[in-house]
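Colleague: I would like a close look at the aromatic pairs in this model. Please take me through the rings, then through what sits around them.

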Amino acid sequence: MTELEKGPQGLRRGRGARERIVGAAQQLFRDQGINRTGMDQLCAVAQVSKRTAYQHFTSKDELVAEYLRRFDPNVTAGVFDRTDLTPRERLIAAFEPPTGEQGLTPLCPYIAASVELHDSEHPASQYARDYKKTVAARLADTAREAGATDPERLGEQLALLLDGAAARTRVLNTDSFPTAAAIAAVLVDNAIPTAAQR
């Protein structure tokens, strides 16, 4: 292989370039935001040329959409599909999200993207809406299983509480999830008749 066939740091061009670009986007978008991340910086971190980046993604908008698409809407399956917890316990366990690198959960990528993009027609905005609807639906399904009298309402309340805890954690740089979990327990217990909690 000649030097012209090699990219930065001697890596072969093209091999894994798409994944390196997405990986760099995940890191940079999370750490500094979408708008503050330029394509030059993204290409440097991904170790690809701009030409290579634009061969894989025709625009930064397309890359942002792919970044969000990669988040699994069923990520909450780790909580909602647990068989060792009762449905009520699963609703409360949703407030124990995995922590980020600095010990605190980063702001939800869908909320962050929606705030930064200001465009309801952007493909990333559609992914954000779909994700948020999926989470609320999973909460409602679990609330129904737990015996809630109005599972859709409880699902929406808990989804709103989760989003608020994520935003407050980010803004204040302090873990708001324990407080949110305590509020969630009250909401859940008030929504589930006493007989169904047994």
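Modeller: What follows starts with the whole chain, moves to the ring pairs, and then works outwards.

This is a predicted model. The chain has 11 helices and 0 strands. From the N terminus on, the elements read α-α-α-α-α-α-α-α-α-α-α. Of its 198 residues, 40% count as buried. Take the contacts between residues at least 6 apart in sequence: 63% of them join residues at least 24 apart. The accessible surface comes to about 11300 Å², and 51% of that belongs to carbon and sulfur atoms.

Now the rings. A pair of aromatic rings is described by two things, the distance of the centres and the angle of the planes. How many aromatic pairs does a search of the whole structure find? The search finds 2.

One pair is phenylalanine 29 with tyrosine 67. The centres are 5.1 Å apart, the planes stand at 80°, and the pair is edge-to-face. Over 60 degrees is the cut-off for that label. The pair links distant parts of the chain. Phenylalanine 29 belongs to helix 1 (residues 17-32), tyrosine 67 to helix 4 (residues 60-69), and 38 residues separate them. Are these two rings buried or exposed? Phenylalanine 29 has 5% relative accessibility, so it counts as buried. Tyrosine 67 is also at 5% relative accessibility, so it counts as buried too. The cut-off for buried is under 20%.

The other pair is tyrosine 110 with tyrosine 131. Why is this pair stacked? The ring centres are 4.2 Å apart and the planes lie at 15°, so the pair counts as stacked. The stacked label needs planes under 30 degrees apart. This pair, too, links distant parts of the chain. Tyrosine 110 is in helix 7 (residues 109-117) and tyrosine 131 in helix 8 (residues 123-146), 21 residues apart. Tyrosine 110 is buried because its relative accessibility is 3%. Tyrosine 131 has a relative accessible area of 12%, so it is buried as well.

Go back to the edge-to-face pair and look at what touches it. Threonine 37 is in the loop between helix 1 and helix 2 (39-46). Leaving aside neighbours within four places in sequence, threonine 37 is in contact with Leu28, Phe29, Gln32, Leu42 and Lys60. Among these is Phe29, one ring of the pair. Threonine 37 has a relative accessible area of 1%, so this loop residue is buried. A polar atom of its side chain lies 2.7 Å from the backbone oxygen of glycine 33.

Valine 64 is in helix 4. With residues up to four places away left out, valine 64 touches Phe29, Ile34, Leu117, His122 and Ala124. So Phe29 turns up here again; valine 64 is buried because its relative accessible area is 1%. Its C-alpha atom is 9.5 Å from that of histidine 122, although the two residues are 58 apart along the chain.

Next, the nonpolar core. The largest one has 57 residues. Which of them touch the most other members? Phe95 and Leu139 do. Helix 8 gives the largest share of this core, 8 residues. Leucine 139 has contacts beyond four places in sequence with Phe80, Leu91, Ala94, Gly155, Leu158, Ala159 and Leu162.

For contrast, take a tyrosine with more cover missing. Tyrosine 54 is in helix 3 (residues 50-56). Its relative accessibility is 35%, so it counts as partly exposed. Outside its neighbours within four places in sequence, tyrosine 54 is in contact with Met39 and Ser59. Methionine 39 is 15 residues away in sequence, and the C-alpha atoms are 9.7 Å apart.

Last, the cysteines. The structure holds 0 disulfides. Cysteine 43 is buried because its relative accessible area is 4%. Cysteine 108 is at 11% relative accessibility, so it is buried too.

To sum up the rings: phenylalanine 29 and tyrosine 67 are edge-to-face, whereas tyrosine 110 and tyrosine 131 are stacked. Around phenylalanine 29, contacts come from threonine 37 and from valine 64.

Definitions and conventions:
Residues are numbered from 1 along each chain as its sequence is written. This is a predicted model: local features need pLDDT of at least 70, side-chain atom pairs count only at pLDDT 80 or more; totals for chains, interfaces and linings use all residues. Side-chain values use heavy atoms; hydrogens and water are left out. Rings of Phe, Tyr and Trp (its six-membered ring) pair if their centres lie within 6.5 Å; planes under 30 degrees apart count as stacked, over 60 as edge-to-face and the rest as tilted. Helices (H or I, at least four residues) and strands (E, at least two) are DSSP runs, numbered from the N terminus. Buried means under 20% relative accessible area, exposed over 50%, partly exposed in between (1.4 Å probe, protein chains only). A disulfide is a pair of cysteine sulfur atoms within 2.5 Å. A polar contact is a pair of N or O atoms within 3.5 Å; within protein, one must be able to donate a hydrogen and the other to accept it, and residues adjacent in sequence count only if both atoms are side-chain atoms. Contact means heavy atoms within 4.5 Å. A nonpolar core is a set of buried Ala, Val, Leu, Ile, Met, Phe, Trp, Tyr and Cys residues joined through side-chain atoms within 4.5 Å. Accessible areas come from the Shrake-Rupley method with a 1.4 Å probe; for residues, only the protein chains shown count as cover.
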